[in-house]
Amino acid sequence: QVQLVESGGGLVQPGGSLRLSCVASGSIFNIYVMGWYRQAPGKQRELVAALPTGGSTNYADSVKGRFTISRDNAKNTVYLQMNSLKPEDTAVYYCNADVRTIFFNRNNYWGQGTQVTVSS
């Protein structure tokens, strides 16, 4: 019913930057929250940043001051600008959206994930 497609991952040196994008499409009536999670090898998936529609941003302490989340509501798109990247930021990054569909059911959706590797 709803698809999330991420792009923008890759390999970057420590201190570098990357910008992730995620587009939501399908049977969307309203999007309440869009955000980013990440999962490193051997670790649980964790929230990186989230932005409710008309609300305030929420960041993990580990990325505050380095990452910025933003949305283009007209395009159902969320971005994650990542600066001053560190090796510990290496993970698969997943887009997430809390969506009410045109069928009026509300669900949480995930993208397929995009790999971010920070290494020299």
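What follows is a look at the disulfide and the nonpolar core of this predicted model.

A search of the whole structure turns up one disulfide. The bond runs between Cys22 and Cys95, with an S to S distance of 2.1 Å. The two cysteines come from distant parts of the chain, 73 residues apart: Cys22 sits in strand β3 (residues 18-26) and Cys95 in strand β9 (residues 91-101). The torsion about the S-S bond of Cys22 and Cys95 comes out at about -80°, so this disulfide is left-handed. Both ends are tucked away from the surface, as Cys22 and Cys95 are each buried.

Turning to the core, the largest nonpolar one holds 32 residues, and Trp36, Leu80, Met82 and Tyr93 have the most contacts inside it. Plenty of strands chip in: β1 (2-7), β3, β4 (28-39), β5 (46-52), β7 (67-72), β8 (77-82), β9 and β11 (114-118) each supply at least two residues of this core. Strand β9 gives the most, with five residues.

Leu80 shows who meets whom here. Leaving aside residues up to four places away in sequence, Leu80 touches Leu18, Arg19, Leu20, Trp36, Val48, Ala49, Phe67, Thr68, Ile69 and Tyr93. One of these partners, Ile69, lies in strand β7. Ile69 has a relative accessibility of 4%, so it counts as buried. With the same sequence neighbours left out, the contacts of Ile69 include Met34, Gly35, Trp36, Thr57, Tyr59 and Val78, as well as Leu80. Val48, which Leu80 also touches, is 21 residues from Ile69 in sequence, and their C-alpha atoms are 9.3 Å apart.

Key. Residues are numbered from 1 along each chain as its sequence is written. This is a predicted model: local features need pLDDT of at least 70, side-chain atom pairs count only at pLDDT 80 or more; totals for chains, interfaces and linings use all residues. Side-chain values use heavy atoms; hydrogens and water are left out. A disulfide is a pair of cysteine sulfur atoms within 2.5 Å. Helices (H or I, at least four residues) and strands (E, at least two) are DSSP runs, numbered from the N terminus. Buried means under 20% relative accessible area, exposed over 50%, partly exposed in between (1.4 Å probe, protein chains only). A nonpolar core is a set of buried Ala, Val, Leu, Ile, Met, Phe, Trp, Tyr and Cys residues joined through side-chain atoms within 4.5 Å. Contact means heavy atoms within 4.5 Å.
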